[in-house]
2 protein chains.
Amino acid sequence: MNYTLVDGKATAATIKAEIKQEVEEIVARGGKRPHLAAILVGHDGGSETYVKNKVLACEACGFESTLLRFEDDITEDELLACVTQLNENPDIDGFIVQLPLPRHINEQRVIEAIDYRKDVDGFHPINVGRMAIGLPCFISATPLGILTLLKRYNVPTRGKKCVILGRSNIVGKPMAQLMMQKQWGDSTVTVCHSRSETLVEECRKADILIAAIGQPGFVTADMVKEGAAVIDVGTTRVPDPTRKSGFRLSGDVRFDEVAPRCSFITPVPGGVGPMTICMLMLNTLSAAKKEFYK
Amino acid sequence: MNYTLVDGKATAATIKAEIKQEVEEIVARGGKRPHLAAILVGHDGGSETYVKNKVLACEACGFESTLLRFEDDITEDELLACVTQLNENPDIDGFIVQLPLPRHINEQRVIEAIDYRKDVDGFHPINVGRMAIGLPCFISATPLGILTLLKRYNVPTRGKKCVILGRSNIVGKPMAQLMMQKQWGDSTVTVCHSRSETLVEECRKADILIAAIGQPGFVTADMVKEGAAVIDVGTTRVPDPTRKSGFRLSGDVRFDEVAPRCSFITPVPGGVGPMTICMLMLNTLSAAKKEFYK
């Protein structure tokens, strides 16, 4: 089968250009530039990279950005005080607290301290709950990125069987909720996970297969239906001495053997990954425009 | 097959007796009786019956109850003021606003005005969101009643295929979220609906089939796998001149032809229905004990 390679990098670049254009129009009309703040605690390599890329994406979109850095030994109270300041600062439209946090800090408490109207990561229970029942809200970046790719590539979803591998709070669960909703996927949705007795059988029936289990190469050609659309959310760092960084990103799907069976497939890297930060930018623009909340 | 009839009426009676015993122990220790309030607007026949049964259930459980009645012409602001009073009244542990509300009132606005710590219906976005990500919270009565029946009847769910018919906000969606969670069903979950192209095929593979589409007799014997557990959430009023009330309740499942194929099946009436009010009582007890929130 001649598959379509879903190019997340190009799609993200297009959307960032669209955002920048809208921002310049807002500014030209005398409006305020969207302003995203990020809190980064400690020096985790992955987190450093993500936050740096978020700041760069802000520049690309014409946003202001503020990075607040703290050492690993910040107390929970100090971090909560910082969250409160950002909640109250009218110049900040949205902000994120880069996860993971050090173990002495209760992540959930920090997330719930964020004003849901500035929660551009969509992790606050109010946004999670509103998403579940189909109300306007911030949808977290990875699910929103996948929905956007499916839409921009005109992948048929209505009435189709969508199988999601993985039930994490940040990908599998919200993805399931969105794919079943009339206003989003309108699909028949199945969620499989480590306990599923019929995982392979389910995968083989999927018109859309979304793999988000973090096991490199888990999805093999015999698990994929001819003509399926395959979305690979896996981004496991696999040691690779030939790379300067010492690792490469590996998806959950064996691309080389699976791609020839697909109608659409996302590569890793360059598929879902680049969309994630782009969707954070879109949420920040929505926050600045008060699109979901007054 | 020799099926087990899942007796919701008897299970609910047992649980109410357990609740009453715990309440009397609390009172004997000098504690306060749980107190549930209900707001009823207008004179809808169904709503009158539900609220009356909730008040009776409070008596059976040893709770105090307060019924606040308003005419159809109450304004949204007046209703919101009543919600605020109940939020602030320390004697009220939990309360519900009986739905549906008159069309001039925004239901979602009223639901979101309820203090989530007193939201024993579990409809506030904070409870919906916390449930979705597996945090302690009020789970709405119908899904909680179904989970309780599955547990008390030792229906195997872990790793099994659970098919849910219907994607409503009060049954299908929360049921899917709970059945997929490790701490609840731990099942492979599929949600089918009006748009599903493969609905019948999915049903035939289900170890657990939960029908919640409100179409009398929709599930026929040929849609059910031998040995399946079938949960019928349908309660459509069908005209029946032989009844005093002029109607009978009809489930989504053709009981007579489906039951012989089942391992477990719930009747209508007497299955899921009686569990619903019972779970509201359990949530009220949890509220009084501040089990989920301080």
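Here are some short exercises on this predicted two-chain model, each with a worked solution.

Residues are numbered from 1 along each chain as its sequence is written, and chains are lettered from A in the order in which they are written. Because the model is predicted, local features need pLDDT of at least 70 and side-chain atom pairs count only at pLDDT 80 or more, while totals for chains, interfaces and linings use all residues.

**Exercise 1. Find how chain B is placed relative to chain A.**

Step 1. Superpose the copies by least squares on the C-alpha atoms of residues with pLDDT of at least 70 in both. A turn of 180° and a shift of 0.0 Å along the axis lay chain B on chain A, with an RMSD of 0.0 Å.

Step 2. Read off the symmetry: the two copies are therefore related as by a two-fold rotation axis.

Step 3. Look for the residue of chain B that comes closest to this axis. That is Gly129(B), whose C-alpha lies at 1.7 Å.

**Exercise 2. Describe the side of chain B that touches chain A.**

Step 1. Count contacts, where two residues are in contact if their C-beta atoms, placed from the backbone, lie within 7 Å. By this rule 28 residues of chain B are in contact with 28 residues of chain A.

Step 2. Assign these residues to elements, which are DSSP runs numbered from the N terminus: helices are H or I with at least four residues, strands are E with at least two. Helix H5 (125-132), helix H7 (172-180) and S6 of chain B each supply at least two residues. H5(B) gives the most, with six residues.

Step 3. Compare the two sides. Of the interface residues of chain B, 100% are also interface residues in chain A, so the copies meet through the same surface.

**Exercise 3. Trace the twelve-stranded open sheet and find its edges.**

Step 1. Use the pairing rule: two strands pair if DSSP finds at least two bridges between them. The order is then S1(A)-S11(A)-S8(A)-S7(A)-S5(A)-S6(A)-S6(B)-S5(B)-S7(B)-S8(B)-S11(B)-S1(B), with mixed pairing.

Step 2. Go to the ends of that order. Strand S1 (4-5) of chain A and strand S1 (4-5) of chain B stand at the edges with a single partner strand each, so one side of each has no neighbour in the sheet.

Step 3. Zoom in on one pair. Strand S5 (residues 161-165) and strand S6 (residues 188-192) of chain B run in the parallel sense over five bridges, and Leu165(B) has Cys192(B) as its bridge partner in S6(B).

**Exercise 4. Work out which side of helix H3 of chain B is buried.**

Step 1. Check the length of H3(B) (residues 76-88). The expected span is 1.5 Å times one less than the number of residues, so its 13 residues should span 18 Å, and the end C-alpha atoms are indeed 18 Å apart.

Step 2. Sort the residues: one is buried if 20 or more other C-beta atoms lie within 10 Å of its own, exposed if 12 or fewer, and partly exposed in between. In H3(B), the buried ones are Leu79(B), Cys82(B), Val83(B) and Leu86(B). They cover an arc of only 100° (directions from the helix axis to the C-beta atoms), which puts them on the same side of H3(B).

Step 3. Turn to the opposite face, which carries the exposed residues Asp77(B), Ala81(B) and Glu88(B).

Step 4. Identify what the buried residues pack against: strand S2 (35-41), strand S3 (64-70), strand S4 (94-97) and helix H4 (107-113) of chain B.

Step 5. Follow S4(B), where Gly94(B) and Ile96(B) point one way, Phe95(B) and Val97(B) the other way, and all are buried. S4(B) pairs with S2(B) in the parallel sense over four bridges, with Val97(B) as the bridge partner of Ile39(B).

**Exercise 5. Pick out unusual backbone geometry in chain B.**

Step 1. Recall the background: most residues other than glycine have a negative phi, and most peptide bonds are trans.

Step 2. Find the cis bond. It joins Leu99(B) and Pro100(B), with omega about 0°, and Pro100(B) is in the loop between S4 and H4 of chain B.

Step 3. Find positive phi values. Asn154(B) has phi of about 50° and lies in the loop between helix H6 (141-152) and S5 of chain B. For Asp186(B), phi is near 55°, and its loop runs between H7 and S6 of chain B.

Step 4. Are these two residues buried or exposed? Asn154(B) counts as exposed, with 9 C-beta neighbours inside 10 Å, whereas Asp186(B) is buried, with 20 other C-beta atoms within 10 Å.
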